[in-house]
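Please open the model in your viewer and keep the selection tool at hand. The tour below goes from one selection to the next and says what is found at each stop.

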Amino acid sequence: MSRTYEEIMSHAKDFMNDRFGMFIHWGIYAVAAKGEWYQAAEQVHTQEYRKYFDQFNPVDYDPKKWAALAKEAGMKYAVLTTKHHDGFCLWDSKYTEFKATNTKAGRDLVREYVDAFRAEGIKVGFYYSLLDWNHPDFPAYEDRMHPMRGREEIKEAEKDKVWERYTDYMKNQLRELLTCYGKIDELWLDYSYDIMTGEKWDATNMMKLIKQLQPQIMVNNRMGGDLKEDNPPDYSGDYLSPEQIIPSRGLTNYKGLPMPWETCTTLNRHWGYCSDDHLYMTPKVAIRGLVECVSKGGNFLLNIGPDAKGNIPKEAEEILKGIGVWMRKNHESIYGCGMSDMEKPEWGRYTQKGNMLYAHIFDRGIGPIALEGLQDKIKYARLLCDGTEAPITIPWNHIHANCENAVFYKPEGTMLEDDIDTVLELELK
């Protein structure tokens with residue numbers, strides 16, 4: 001099966017209106033506190049890695065606090081790592097013993113997450129890794145990602161592996177996740193590489209199952225296929241998923257038409273908890289990243305990595321609270337907004353929703369701020385943060401600045417109202 005461009009865009013409409021979400025990377029790798037790729041990066045033997053399973057005891061896990069923080073930050077949806085590459089499951093899967101209910105936690109941690117975030121009115125998403133380094137049928141010896149890669153003692157055992165058993169395992173687990181927790185809004189599959197892509201995952205049947213169970217769900221493009229081509233196969237997903245980068249322009253298909261997309265990024269240098277990583281971004285960087293994504297027609301999925309006990313690092317908490325302060329006053333310039341027909345101005349960015357144009361002013365510069373191309377087009381202008389009427393003028397010296405087709409916003413004094421992002425709400429005629 002394939003879909004038209006119109007079908008892809010229609011399906012993604014609500015998802016793309018939400019614009020801002022929380023990514024949560026959490027699992028037994030938090031015990032090691034060296035990030036979620038620790039097992040593969042240091043080629044830790046699966047038996048040695050098992051000690052983190054035995055030690056996992058999230059005594060402070062309270063997803064109600066996570067959900068409250070997401071809501072305070074202005075996030076509309078969340079995505080939790082139900083199973084990362086190490087194969088550890090946060091729910092009570094019938095198809096593995098490597099799960100939270102068999103740790104000291106002794107319960108379904110996904111259920112608590114779902115209930116807590118739904119209670120705050122936040123849409124619920126699941127991350128599910130296509131890789132599983134714990135599963136006996138997943139290739140190890142020649143796989144360049146596997147922690148046990150190149151170990152001669154496992155080479156002979158590779159002959160006994162049956163790939164179909166593994167793809168059946170994935171389908172069974174996805175069936176659990178998509179039938180036991182009510183409506184799921186987003187499924188974040190991760191990821192394809194080398195020959196491990198497309199129909200290697202039995203992708204057509206996998207996506208058919210997903211859409212049968214949750215017809216409205218948004219699925220990313222990491223199972224394979226090319227979502228940018230005409231009438232892409234169903235398994236190519238519903239949106240593009242750049243990582244740790246914001247595209248230089250909004251993402252389009254091969255005909256140049258805008259596509260649904262979502263950038264995911266970390267607050268520091270790791271997805272999972274890393275006790276030595278204190279190189280966090282500031283609220284200003286995060287807010288401007290969100291604005292940049294929206295101005296290019298994309299969503300922003302911002303990650304936290306709770307520690308082994310279930311606590312969100314203090315630095316991450318403070319960043320999200322800082323984002324929330326700005327969002328409470330300026331969220332109208334984010335939700336439901338997208339690209340503007342206006343060119344990117346030198347002082348910041350534009351987002352737009354219908355006839356409401358939002359000027360995100362990052363930098364003051366010298367003198368009044370030129371709103372080029374908007375002369376005689378603005379019906380009313382106000383500061384979004386408090387509704388104050390914004391003075392829009394045509395100063396006497398605009399001709400000398402080669403700005404004949406511009407009007408100007410002149411802030412009071414020499415400073416912008418908000419050093420992070422001062423937003424003008426411009427109602428167009």
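**First stop: strand β13 and its sheet**

Select β13 and look at its side chains: A406 and F408 point one way from the strand, V407 and Y409 point the other way, and all are buried, where buried means under 20% relative accessible area, exposed over 50% and partly exposed in between, computed with a 1.4 Å probe on protein chains only. This is a predicted model, in which local features need pLDDT of at least 70 and side-chain atom pairs count only at pLDDT 80 or more, while totals for chains, interfaces and linings use all residues. Residues are numbered from 1 along each chain as its sequence is written, and side-chain values use heavy atoms, with hydrogens and water left out.

Helices (H or I, at least four residues) and strands (E, at least two) are DSSP runs numbered from the N terminus, and two strands pair if DSSP finds at least two bridges between them. Widen the selection to the open sheet of 3 strands, whose order is β10-β13-β12 and whose pairing is antiparallel. Its edge strands are β10 (369-372) and β12 (392-393), each of which pairs on one side only. On the β10 side, 4 bridges join that strand to β13 (residues 406-409), and L371 has V407 as its bridge partner. On the β12 side, the antiparallel pairing with β13 extends over 2 bridges, and here T393 stands opposite F408.

**Second stop: helices α5 and α11**

Next select helix α5 (residues 63-73) together with helix α11 (residues 314-330), which pack at an angle of about 40° with their axes 7 Å apart; axes are lines fitted to C-alpha atoms, for helices over the stretch in contact, and angles run from 0 to 180 degrees between N-to-C directions. That angle makes α5 oblique to α11, since angles under 35 degrees count as roughly parallel, over 145 as roughly antiparallel, 65 to 115 as roughly perpendicular and the rest as oblique. The contact (heavy atoms within 4.5 Å) is made by L69, E72 and A73 of α5 and, from α11, by residues including L320, I323 and M327.

Now keep α11 alone and colour its buried residues, which are A316, I319, L320, I323, G324, W326, M327 and N330. Besides α5, these buried residues pack against other elements, among them β1 (20-24), α10 (283-295) and β14 (422-428).

**Third stop: G348 and P139**

Which strand holds G348? Select β8 (residues 348-353) to find G348 there; at 2% relative accessibility, G348 counts as buried. Leaving out residues up to four places away in sequence, G348 touches H360 and F362. Add D421 to the selection: G348 and D421 are 73 residues apart in sequence, and their C-alpha atoms are 8.4 Å apart in space.

Finally, go to P139, in the loop between β3 (123-129) and α7 (152-155). P139 is partly exposed, with a relative accessible area of 23%. With neighbours within four places in sequence left aside, P139 is in contact with H146, E158, K161, W163 and M196. Y166 lies 27 residues from P139 in sequence, and 9.8 Å separate the two from C-alpha to C-alpha.
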